[in-house]
Amino acid sequence: MKAIDQVSVTFTSRAANEGFARGVAACFAAQLDPTLDEVADIKTAVSEAVTNAIVHAYPDCLGQISLRLRLLDGGVLEIQVKDTGVGIPDVDRARTPLFTTGGEERSGMGFTIMESFMDGLKVRSTPGKGTAVTMRKRLSPRAGLAK
């Protein structure tokens with residue numbers, strides 16, 4: 001699919017930046033005139049992906065997280081959250097509901113939540129090099145809006 005528009009931002013893996021990432025994603029998606037439910041879905045998925053990077057990619061230090069947003073043909077929003085942290089040794093296991101490496105306070109539902117709010121989810125990871133989570137969501141065309 002061809003990209004019509006895109007934006008990328010990089011930020012430090014501080015917990016406060018999770019809200020920043022949510023806001024960036026919502027503002028970028030606004031050009032598609034999403035419904036409030038679609039905005040909530042986007043913000044929730046971005047929150048989960050960024051929180052995973054903060055908690056799991058950099059468990060003992062601060063690192064960099066990149067957020068890339070692309071508007072693709074057909075009203076598709078693509079979101080990539082990428083880190084250069086510890087990586088995931090077994091992506092299939094990590095995507096299993098309730099599995100976590102973050103301790104008792106973590107639910108292990110991050111990938112499951114992302115999948116439930118988005119139309120597609122891909123996770124690529126290399127131990128010691130980082131993880132890239134790519135999500136796509138087709139936004140509904142709004143009545144009365146011409147493309």
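**Close-up 1. The largest nonpolar core of this predicted model.** Of the 32 residues in this core, Ile-42, Val-50, Ile-65, Leu-67, Ile-79 and Met-135 are the ones that touch the most other members. Two or more residues each come from α1, α2, β2, β3, α4 (110–117), β4 and β5. The top contributor is α2, which supplies eight residues. As a general backdrop, nonpolar side chains in soluble globular proteins tend to be buried together.

**Close-up 2. The surroundings of Met-135.** Let's stay with one of those well-connected core members, Met-135. Setting aside neighbours within four places in sequence, Met-135 is in contact with Ala-45, Val-46 and Ala-49, among others. Its contacts also include Leu-77, Glu-78 and Ile-79, and the list is completed by Met-114, Met-118, Gly-120 and Leu-121.

**Close-up 3. Helix α1 and its buried residues.** Helix α1 covers residues 17–29, and its 13 residues should span 18 Å at 1.5 Å a residue; the end C-alpha atoms are 18 Å apart, so the two values agree. Buried here are Asn-17, Glu-18, Ala-21, Val-24, Ala-25, Ala-26, Phe-28 and Ala-29. The partners against which these buried residues pack are β1 (3–12), α2 (36–57), β2 (64–72) and β3 (76–83). The helix lies across β1, β2 and β3, and runs at about 170° to β1.

**Close-up 4. The open five-stranded sheet.** Take a walk across the sheet and you meet its strands in the order β1-β2-β3-β5-β4, with antiparallel pairing. Strands β1 and β4 (120–126) stand at the edges; each has a single partner strand, so one side of each has no neighbour in the sheet. On average, neighbouring strands are turned by 10° against each other, direction ignored.

**Close-up 5. The pairing of β4 with β5.** At this end of the strand order, β4 is joined to β5 (residues 130–138) by seven bridges, and the two strands run antiparallel. One pair to look for is Arg-124 with its bridge partner in β5, Ala-132. In general, strands of a sheet pair through backbone hydrogen bonds.

**Close-up 6. Stepping back to the whole chain.** The chain holds four helices and five strands, which follow one another from the N terminus as β-α-α-β-β-α-α-β-β. Of its 147 residues, 43% count as buried. Among contacts between residues at least 6 apart in sequence, 66% join residues at least 24 apart. The accessible surface comes to about 8,000 Å², and 52% of that belongs to carbon and sulfur atoms.

How values were computed. Residues are numbered from 1 along each chain as its sequence is written. This is a predicted model: local features need pLDDT of at least 70, side-chain atom pairs count only at pLDDT 80 or more; totals for chains, interfaces and linings use all residues. Side-chain values use heavy atoms; hydrogens and water are left out. Buried means under 20% relative accessible area, exposed over 50%, partly exposed in between (1.4 Å probe, protein chains only). Contact means heavy atoms within 4.5 Å. Accessible areas come from the Shrake-Rupley method with a 1.4 Å probe; for residues, only the protein chains shown count as cover. The expected span of a helix is 1.5 Å times one less than its number of residues. Two strands pair if DSSP finds at least two bridges between them. Axes are lines fitted to C-alpha atoms, for helices over the stretch in contact, and angles run from 0 to 180 degrees between N-to-C directions. A nonpolar core is a set of buried Ala, Val, Leu, Ile, Met, Phe, Trp, Tyr and Cys residues joined through side-chain atoms within 4.5 Å.
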